[in-house]
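Welcome! Let us take a walk through this structure together, one stop at a time.

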Amino acid sequence: MKSIFVFLVTLLFTFNSIPGKAQEILTLENAVRIALEKNYDIKLVTNDLVIDRNNVSRANAGMLPTLGANITNNNNIQTGRQTRQTGLQEFNNVKSSNTSYGTDLNWTIFDGFRMFARYEQLKELEKLGDAELKQTILTTLGNVISTFYELVNQQQQLRAYDSAIIISRLRVQTAQNRFTIGKAARLEVLNARVDLSTDTTNLVQQQALYRNTQIRLNEILGRDVNIVFSVPNDLFIDNKLALGSLSDLAHQQNPALKVALVNKKIAELDLKQVRANRYPTIGVTSGYTFNRSQSALGFATQANNRGFNYGLSASVNIFNGFLQRRNEQNAETLIQSAQLQFEKADLAIKSQLASAYQTYVTSLTLVTLEENNQKIAKQNLNITLDKYRLGSIAPVEFRDAQLNYLNARVRFNNAQYVAKLAEISLKEIAGDLNL
């Protein structure tokens, strides 16, 4: 009997595996790699950035001329009569045709500097797409890492519940043996079985929660949601983060701030384009055409001509019902709004950083406290196990010690998980989410 106790106690404190068949062990590095390759949000935003980059061209800004070629061919078959000085002339099914082709060139050489502002705006839109991609990657990796450590925490909870079942089974067996030799009442056996059922229910519920989290992580990774895997048990907490350095990093690297800054620059370039309407627009045109016509009627039955043409055009808005003034005022208001958006984003980041850091510091303290509580609960359970083996304590006291240790383990695991989440949140806000 003593050897059984030793074996079970050893299992209780050194149990280090999740029940189930051999399966993939997903490391955090692999999870991040898969997310970068397959996550749909990252793919979609990457495509948007490709379009932004393709749009950065002088032609798209209207700085280059356009050159086109055209050809036209028209044919007619006519029936009728004409009265000429020579007399009446009738004609039936007379065919005539006209063919023309050539090239046209149009080039706006001055538009009030709108084309240059537009070109700079296209560059800023590319920067905006790049910042949005970084923000999407950062958010996605934050979700991957948080969900990954949620699985680590749930694995640890599974071990805690599994250990509780091992002890409850031992208690049922011991109570049954005591009842068989007449040293315990049947009520003690029934109470032990009820507690075993309760522990089993907790384990089943935890297993369902664990599986749902696996499915959620597979979805974030953009892969088959039915893949079953486990994660390593390590949960290292970086306890050396400093608010000052995190604040500096956030100010330099946070993608949300970069997005706000680029949006302000885009609004300023919009104003330049609106002001360009105050200047004249000057363009040049040129082309070369060839024309040939044939007709059985009329004085000339065939004509050919070709030639080069060129010209200069200019236009300026003199009065449009004060729309120009209104458009400029609207553009200036949009710049002010962009500045307010930047200040709002800056304040929100400072608030999030301060709140997350407070949670981080508190969580580190709780981790230390709960670790000590777990050690004390473990010592208490060891002593209670020995007494229970000797039959010197009541079953209720044994159950209390068992629950105290189980709850201490769960609280310690949760404290570690919350501290890790706070660490991830801080690094995500700082834009420095390294592994």
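A guided walk through the model

Let us begin at residue 28. Please keep in mind that this is a predicted model. L28 belongs to helix α2, which runs over residues 28-38, and L28 is buried there along with A31, V32, I34 and A35. These buried residues lie on the same side of α2, because the arc they cover around the axis is only 165°. What lies over them? The cover of the buried residues of α2 includes α3 (40-55), α4 (114-180) and α5 (186-221).

Now take a step back and see how the chain is divided. Domain 1 is made of three stretches, 25-62, 111-280 and 316-430, while domain 2 is made of 69-110 and 284-315. How far apart are the centres of domain 1 and domain 2? Taken over C-alpha atoms, the separation is 72 Å. The two domains do touch, with 8 residues of domain 1 in contact with 4 residues of domain 2.

Next, follow helix α4 to one of its partners. Helix α9, residues 395-430, packs with α4 at an angle of about 170°, and the two axes are 10 Å apart. An angle over 145 degrees counts as roughly antiparallel, so that is how α4 and α9 run relative to each other. Which kinds of residues make up the contact of α4 with α9? The contact holds 14 nonpolar, 12 polar and 7 charged residues.

Helix α5, met above as part of the cover of α2, is home to Q206. Is Q206 buried or exposed? With a relative accessible area of 10%, Q206 is buried, since anything under 20% counts as buried. Leaving out residues up to four places away in sequence, Q206 touches Q154, Q157, L158 and Y161. Another residue to look for is Q155, which lies 51 residues from Q206 along the chain, with 8.9 Å between their C-alpha atoms.

Q155 also helps us place A61, a residue in the loop between α3 and β2 (66-84). A61 and Q155 are 94 residues apart in sequence, and their C-alpha atoms are 56 Å apart in space. A61 is buried, because its relative accessible area is 9%. Which residues does A61 contact, beyond its neighbours within four places in sequence? They are M115, R118, Y119 and L122.

Let us move on to helix α7, residues 255-275, where K264 is found. K264 has 23% relative accessibility and therefore counts as partly exposed. Setting aside neighbours within four places in sequence, the contacts of K264 are with A338 and Q339. If you look from K264 to R278, you go 14 residues in sequence and 23 Å in space, C-alpha to C-alpha.

R275 is found in helix α7 too. This residue is partly exposed, with a relative accessible area of 38%. Which residues does R275 touch, when those up to four places away in sequence are not counted? The answer is Q324, E328 and E332. For a longer view, turn from R275 to N239: the two are 36 residues apart in sequence and 54 Å apart in space, measuring C-alpha to C-alpha.

Our last two stops concern the backbone. Most residues other than glycine have a negative phi. N93, however, has a positive phi, near 50°, and is not a glycine. Where is N93 found? Look in strand β3, residues 87-110. N93 is exposed, with a relative accessible area of 60%.

F322 is another residue other than glycine with a positive phi, here near 65°. You will find F322 in the loop between β6 (302-315) and α8 (323-390). Is F322 buried or exposed? F322 counts as exposed, because its relative accessibility is 60% and the cut-off for exposed is over 50%.

Methods
Residues numbered from 1 in each chain as written. Predicted model: local features only at pLDDT ≥ 70, side-chain atom pairs only at ≥ 80, totals over all residues. Heavy atoms only, no water. Buried < 20%, exposed > 50% of the residue type's maximum accessible area, 1.4 Å probe, protein only. Helix = DSSP H or I, 4+ residues; strand = E, 2+ residues; numbered from the N terminus. Arc of directions from axis to C-beta. Contact = heavy atoms within 4.5 Å. Axes fitted to C-alpha atoms, helices over the stretch in contact; angles between N-to-C directions. Parallel < 35°, antiparallel > 145°, perpendicular 65-115°, else oblique. Nonpolar A, V, L, I, M, F, W, Y, C, P; charged D, E, K, R; others polar. Domains from an automatic or database assignment.
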